[in-house]
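Visitor: I am new to this structure and would like a close look at a single part of it. Could you pick one helix and walk me through its surroundings?

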Amino acid sequence: MQKAAFGDYPRGTLHAMLAEAYAANEPLSRVSEADWRTFDDFVYNNLSVLERCGFISMQAGAPAGFITWDPRPLPGGVIIGHNCILPAYRGRGRGKEQLGAALAVIRTLRPGEVTVSTGGSGFFLPARRMYEALGFRETGRTLEGPPPEPELVLYRLVP
């Protein structure tokens, strides 16, 4: 898998990718729009730090998705943050490949655990299957997600 740095693409790229990735879940897209803009601004305002905590996945020279992680809880753990695969690239193992590449970098940090959360609805079933296929185990569910996806499924991986 080829990777690109966030700074290789203009501000707004991550927001646009999240909007495209979640367009089929229109209610979630509507309530998450501001969060995605804030996230994009945060990354592009802190490129020197954030480029060590994520990357854009490339396919045939074009962005296919991205992944980020938060190492601040180290040495206890790392939290997988926003990540997505664009619809045109889904269903061919790209998400698993992207997460695997991220985990290879994260493992060099020697975290005690890696955690991630995702939605509990059917829209997020492929993501849940991907996490489980890479060794994450469900640790619980909570009703603290943004409407209309209030159920979050929590996962943990011990490297």
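**A close look at one helix**

Guide: Let's start with helix α2, residues 26-45: at 1.5 Å a residue, its 20 residues should span 28 Å, and the end C-alpha atoms are 28 Å apart, so the two agree. The expected span is 1.5 Å times one less than the number of residues. Helices here are DSSP runs of H or I with at least four residues, strands are runs of E with at least two, and both are numbered from the N terminus.

A word on the source: this is a predicted model, in which local features need pLDDT of at least 70 and side-chain atom pairs count only at pLDDT 80 or more, while totals for chains, interfaces and linings use all residues. Residues are numbered from 1 along each chain as its sequence is written, and side-chain values use heavy atoms, leaving out hydrogens and water.

Now follow α2 to Ser-32, where the helix bends by about 55°. That bend is the angle between axes fitted to the seven residues ending there and the seven starting there.

Ser-32 is also one of the buried residues of α2, along with Leu-28, Ser-29, Trp-36, Phe-39, Asp-40, Val-43 and Tyr-44. Buried means under 20% relative accessible area, exposed over 50%, and partly exposed in between, with a 1.4 Å probe and protein chains only. The buried residues of α2 pack against two helices, α1 (13-21) and α3 (47-50), and two strands, β3 (62-70) and β4 (77-85). Contact here means heavy atoms within 4.5 Å.

This brings us to the largest nonpolar core, which has 22 residues; Val-43 is among those with the most contacts inside it, as are Phe-6, Leu-14, Leu-18, Tyr-22, Ile-56 and Phe-66. Such a core is a set of buried Ala, Val, Leu, Ile, Met, Phe, Trp, Tyr and Cys residues joined through side-chain atoms within 4.5 Å. The elements giving two or more residues to this core are α1, α2, β2 (54-59), β3 and β4. Its largest share, five residues, comes from α2.

Leu-14 shows the meeting point nicely: not counting residues up to four places away in sequence, Leu-14 touches Phe-39, Asp-40, Val-43 and Tyr-44, and also Phe-6, Ile-56 and Phe-66. There is a second, separate core of 20 residues, which includes Ala-101, Val-114, Val-153 and Tyr-155.

Stepping back, the protein has five helices and seven strands, and buried residues make up 42% of its 159 residues.
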